[in-house]
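Thanks for making time this morning. I would like to take you through one model, beginning with its pocket and then turning to the strands and helices.

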Amino acid sequence: EVVFYAKSLDMITSDKSVVANDVIEFAANKNIAFKVCEVAMKNNNVEKSQLLAGVQTVPDGIYEIISRQHDGWGYIKAAR
């Protein structure tokens, strides 16, 4: 599961993503999920209709991460 929040939305927005084909291909795999924070979407004026196919939304990206950690998942933050 990959959770997008803050300024990472360009990767999963149809008109800005440079990895759109890869995201769509991986999102079709039942073992892979791309989820985007609805708070970040609101803050960056991104509508659900702009998301790549297969990208899901969650109400709060940080809460999603914390919930997964509580379930025993690890967390790796990738940033530039």
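**The pocket and the fold around it**

Please keep in mind throughout that what you see is a predicted model. The largest pocket holds about 720 Å³ of space, and 20 residues line it, with Val2, Val3, Ile76, Lys77 and Ala78 lying nearest its centre. If we ask which elements give two or more residues to that lining, they are E1 and helix H3, the latter covering residues 61-70. Sorted by class, the lining of this pocket is made up of 12 nonpolar, 3 polar and 5 charged residues.

Let me now step back to the chain as a whole. Its secondary structure amounts to 3 helices and 3 strands, and, read from the N terminus, the elements follow the order β-α-β-α-β-α. The radius of gyration is 12 Å, close to the 12 Å that the globule rule gives for 80 residues, so the chain is as compact as a globular protein of that length. Along the principal axes, the C-alpha trace spans about 35 × 30 × 25 Å, and 30% of the 80 residues count as buried.

Next, the strands. Strand E1, residues 2-4, pairs with E2 in the parallel sense over 3 bridges, and within this pairing Val3 of E1 stands opposite Lys35 in E2. The connection between these two strands passes through helix H1, residues 20-27, and together E1, H1 and E2 form a right-handed β-α-β unit. E2 also runs parallel to strand E3, residues 55-58, and is joined to E3 by 4 bridges; here Val36 is the residue that stands opposite Thr57 in E3. From E2 the chain crosses through helix H2, residues 38-43, to E3, and this β-α-β crossover, too, is right-handed.

That brings me to E2 itself, and to a question about its two faces: which residues of strand E2 lie on one side, and which on the other? In a regular strand, side chains alternate between the two faces of the sheet. In E2, residues 34-37, Phe34 and Val36 are on one side while Lys35 and Cys37 are on the other, and all four of these residues are buried, which leaves both faces of the strand covered. Lys35 is thus a buried residue that also stands opposite Val3, and Val3 in turn is one of the residues nearest the centre of the largest pocket, which returns us to where we began.

Conventions
Residues are numbered from 1 along each chain as its sequence is written. This is a predicted model: local features need pLDDT of at least 70, side-chain atom pairs count only at pLDDT 80 or more; totals for chains, interfaces and linings use all residues. Side-chain values use heavy atoms; hydrogens and water are left out. Buried means under 20% relative accessible area, exposed over 50%, partly exposed in between (1.4 Å probe, protein chains only). Two strands pair if DSSP finds at least two bridges between them. A crossover is right-handed if, with the strands pointing away from the viewer, the path from the first strand over the helix to the second runs clockwise. On a 1 Å grid over the protein atoms alone, a cavity is a set of points where a 1.4 Å probe fits but cannot get out, and a pocket is an open set with protein on both sides within 12 Å along at least five of seven lines; lining residues have an atom within 4 Å of a point. Grid points are joined across faces, edges and corners, and a volume is the space filled by probe spheres set on the points. Ala, Val, Leu, Ile, Met, Phe, Trp, Tyr, Cys and Pro count as nonpolar, Asp, Glu, Lys and Arg as charged, and the others, Gly among them, as polar. The radius of gyration is taken over C-alpha atoms; the globule rule is 2.2 Å times the number of residues to the power 0.38.
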